[in-house]
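Work through the following exercises on helix packing and residue burial, following each solution step by step.

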Amino acid sequence: MARTLKLRIWRGDDKTGGLQDVTVEANHGEVVLDIIHRVQATQMGDLAVRWNCKAGKCGSCSMEINGKPRLACMTQVASYAEDETITITPLRAFPVIKDLVTDVSFNYKKALEIPSVSMPEGMKPGEPRMEQIDVERSQEFRKCIECFLCQDTCHVIRDHEENKKSFAGPRFFIRIAELDMHPLDTLRNRKKTAQEEHGLGMCNITKCCTEVCPEHIRITDNAIIPMKERVVDEKYDPLRWLGSKIRKREGIL
Amino acid sequence: MANLEKHSYDVVVIGAGGAGLRAAVEARDAGLRVAIVCKSLFGKAHTVMAEGGAAASMGNVNDNDNWMVHFRDTMRGGKFLNHYRMAELHAKEAPDRIWELEMWGALFDRTKEGKISQRNFGGHEYPRLAHVGDRTGLELIRTMQQRIVALQQQDKKEFGDFEKNLKVFAEVTITEILKENGKIAGAYGYRRETGEEILFEAPAVVIATGGVGKTFKITSNSWEGTGDGHALALKAGANLVDMEFLQFHPTGMVWPLSVKGILVTESVRGEGGILTNSLGERFMFKYIPDVFKDKYADNEEEADRWYLDQDNNRRPPELLPRDEVARAINSEVKAGRGTEHGGVFLDVSKRIPADVIKKRLPSMWHQFYELAGVDITKEAMEVGPTCHYVMGGVEVDPDSAAAVGVDGLFAAGEVAGGMHGSNRLGGNSLTDLLVFGRRAGVGAVEYVKSHGANPVSDATIAKAAARIEAPFTRTGGENAYSLHQELQEITHNLVGIIRTGAELQEAIEKIADIRKRSANISVAGDRKFNPGFHLAFDLDNMLLVAESTAKSALLREESRGGHTRDDFPTMNSTWRQVNNIASFDGEKVSIKKQALPEIPKELFDLFDVHELEKYMTPAEIAKGGSN
C-alpha cells in the first residue's frame, strides 16, 4: 500500500526561493495535502501552507501541482504515476508570502468594489417570495468557495500584474452575475459596470477558469458569456441603438 | 516594545464564523468601531462545513410549528440540561435571524409558495431547517461576509474609508485576553504570516472561536478547532460549564488519512450497510439493549428481510440510536477486534449493486472516491466514532451573552455553553450562531456605552510578549507535533465516547504530564508563517480543554447525552439539577457543582408532566417550575 513519493516543494519568501527535493512515505488513498502535512510533521516543521476543512468545502489549500491550479485536499496522490515527481508550487498570480502561502488580498479588495445586494425599498424581513427556478441561477454562483483558482489561472492577470487594476477576474464576474440574476436585487447597471469598471471585455472566453473550478461552476457559459452578450446587444445592435434613441427622444426611457 | 503594532477599538471579536460576524455586524450597526480577528482567511471558518440547515420555526412547511414546539424539541434533545432561557431565546428569535439573512442577500431553497423551504431533521417535530442544498453553512458564512462588505462600503461612501468602523484582521492568533483593574482591556496575539505581535485595546471582547475537536484524534473539525476561546476565557477568569458533553458521531472515517474524521451519513446504514469487525463478525447483534429487543432483529436473516419488508420484520441493529452504535464500535475495538487503524468495517459493496449505491448515496460515493480513492461500491469503509461538536463552553448570561465573572467579556456560538444541554439537535447550531452572536453584539454595545476605555499597561504587554517569545529561546526541547499526537491518543482512548472513572483518572494524570512537558516546547525556524510555532500555542489551549473535559467527566457520575460512563450507565435526575463549572487558577483546572437554573412555570407547563417525570425528581414535579 505505502509508496515512497518524490516531491519538489517550492520554499522561500517574497525575496528568494526555489524548489527543494523531498522524499516521503505516502499511503493508499492519500491526497497531496496529507503528504504536505507529513513533510511538515517529520521534515520541515516550518513549511507554510494554508488549509482548513480538508474536504473541498472552504477553498483554503489552493496551490499549483505540476503547474496546474488545484486544491491540495482534492488531489489524489494516486492520480500521478508511481515514478513521477510531484512538483508543488504556490499560486503564480499572487505574491508569495512564504512557501506555499500567497498574498490573496487582491481578491478581498475587488470584493469591496462590487456594490452589494440592493433590496427593494420598503421590503420587510419575511416578505420575499421567490420561485425555486429563479433562485437557482444565482445559487449556482453562490456555490463558490473562494479558492481563487479561477483567478490564478486567468491569463489576463496570471502573468500581467499591470491588468490587475482594471480586471476583477472570474470570481467576481460570477459575483456580479449572481447579483444581476438575484430575483430581488434592484441595481440595474450591473452588466454595464462589469464591462466598464471590472474589465469583463478583457476576458476572451478561453474557459480556463471553468476548467479549474472545484465546484464545477460554469463560469464562462453561465455567467461571463450571458453578460457579454447582453452588453454587446445593448451597445452594438443597431436596432436596439436606434430604439433607445427614439424612446429617449420620446421620453419613454 | 517601540514598534509593536497597536490598534484601538470599542469591541474586538475573536473568530469570524457565523457567531463572530453576527456580533460584529450588531456592534457596528450601533455605531461602535469593531475589529474582527480570525486565524484563517476571511470566509473560511468552520461554519462552512454545516450541511443540513438552520432550525427556525417559521412554519413555512407545516404551520403547526412555533417557538414553543421548537423549545420543547431543543430541551428534549439536550435531556433537560439546557439553560432554559437560552433554549427559549433561541427558539423565539431564530426565525427573525433567518429572514434577516434573506434581506442581506441569502438565497435559500424555496417552497412551492415561494417561501423559504424547510426540511425534516432528527429530533425536530416539524420540517424546520432552512437550507440551501447541502451547503447551508457556506450560504450563511458568505451572506455574513457580504454583509460586512456592505457595511464597509457604507463607510467608504460616508467617510472615504472602507475600514473606518469595521476591520477584519485575518490570519491573526490571539494568545491572551488582557485585563486591567479586573476588567477586559483588550487582546494580544501575533500575525500568522509574519509572526509579528499585535495589540488590540478594547473595553469589550467577544469570543466566538468555535469548537475543540482537534483535542481528539478522530474529529470532523478543521485545524482551527483547538478550543482557543475556551482556554482564553478560562485564563481570563471566566468559567466553562459542562465540558464533559461532546457529540461523537458513530461513523466517522478512520482510514485513509485523507478522510480521517469525515462523517459517513447514517443513510449508508439505512440503505443496507453492515458493520463487521476484523474477524468478519457482524457484531451489532451482540449489542442490542433489552429495551430495544422488540424493535431490533437478533439474527441476520430477519435483519436482511427488513430491507424488503419493514412491516413483518424487526430493524437491523446497525440502525440502533447513535450512542448505542458508537458504544458497540468502541467495545469491539477495545476488545482487540478492530481494524488496523482502530475502527470497524462498514460495508455496502457486498449487499447492494454498484449502480444502486451510486444512485441512492451519490454524494457519499463521490466524496470518498474523490477525496480518498475509496470506491464504496467495491470495498468496505473503516469507521469509528468521530468528535463532532462540544456542547460545553463558556458560562454566559443568556440575555447578554456576557461571560459570568469577567466584566467586558462575551461569548457566543459553539464556544458558549448552556444552550444545547447534554446533546445538540442537528440544525440548532447555525441558528445558535445567529441568535447569540447578535445578542453578544448587543451585550457588548451596552457594556461599552456604560464603561469607558480601559487602557492596557506596559507591564501587561511585556508579560504577553514574553510568552510568545519563549518557545524560540529554547533549543532541543519538546516537539509540539509529538505532544499533540500524545494528547490525542489519551483523549481518544480514555476521554472518548465511553468513559470509566479509572480511565478518566489515568487521563487526568497523563494530561498533567504533557502539560508539564509542554512548558519546554522549542520551535525550529523563524516566526514567519511557521506552523510549528502556531501549534505550540494551540496545544496549550487544547491541554486546558482536555483537562476540563476529563475532570468534569470524572465528577459526573451518570450517563446523559454526550457523556457516557460505563460505570454509571443510566441517567440520574439528581444530576440533571447540576452544572459542572470549570475554573482555572493559573496552574490547574478545578470543577465545582452548581445548581442548574430552575425552569419557570410558564415553560414547565409547555410539557406533558409525564414526560418530565422521566427527567426530573418527584420534588421538582410537585413544585411545577419556579415562579
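Helices are DSSP runs of H or I with at least four residues, numbered from the N terminus. The model is a predicted one.

**Exercise 1.** Determine where Leu361(B) is placed, and decide whether Leu361(B) is buried or exposed.

Solution. Leu361(B) sits in the loop between helix H9 (354–360) and helix H10 (362–372) of chain B. A residue is buried if 20 or more other C-beta atoms lie within 10 Å of its own; Leu361(B) has 23 other C-beta atoms within 10 Å, and is therefore buried. Leaving aside residues up to four places away in sequence, Leu361(B) touches Ser267(B), Val268(B) and Glu271(B).

**Exercise 2.** Establish how H14(B) and H15(B) are oriented to each other.

Solution. Helix H14 (residues 501–518) of chain B packs against helix H15 (residues 531–555) of chain B at an angle of about 160°, and their axes are 9 Å apart. Angles over 145 degrees count as roughly antiparallel, so H14(B) and H15(B) are roughly antiparallel to each other. The crossing in which H14(B) passes H15(B) is left-handed, and by class their contact has 11 nonpolar, 3 polar and 4 charged residues.

**Exercise 3.** Establish how H5(B) and H15(B) are oriented to each other, and list the residues that make the contact.

Solution. Between helix H5 (residues 228–235) of chain B and H15(B) the packing angle is about 75°, with the axes 8 Å apart; the two helices, H5(B) and H15(B), are therefore roughly perpendicular to each other. Asp228(B), His230(B), Ala231(B) and Leu234(B) of H5(B) make the contact with Asp540(B), Asn541(B), Leu544(B) and Val545(B) of H15(B), and these residues divide into 4 nonpolar, 2 polar and 2 charged.

Key. Residues are numbered from 1 along each chain as its sequence is written. Chains are lettered from A and ligands numbered from 1 in the order in which they are written. This is a predicted model: local features need pLDDT of at least 70, side-chain atom pairs count only at pLDDT 80 or more; totals for chains, interfaces and linings use all residues. Axes are lines fitted to C-alpha atoms, for helices over the stretch in contact, and angles run from 0 to 180 degrees between N-to-C directions. Angles under 35 degrees count as roughly parallel, over 145 as roughly antiparallel, 65 to 115 as roughly perpendicular and the rest as oblique. A crossing is left-handed if the near helix is turned anticlockwise from the far one by less than a right angle, and right-handed if clockwise. Ala, Val, Leu, Ile, Met, Phe, Trp, Tyr, Cys and Pro count as nonpolar, Asp, Glu, Lys and Arg as charged, and the others, Gly among them, as polar. A residue is buried if 20 or more other C-beta atoms lie within 10 Å of its own, exposed if 12 or fewer, and partly exposed in between; C-beta atoms are placed from the backbone. Two residues are in contact if their C-beta atoms, placed from the backbone, lie within 7 Å.
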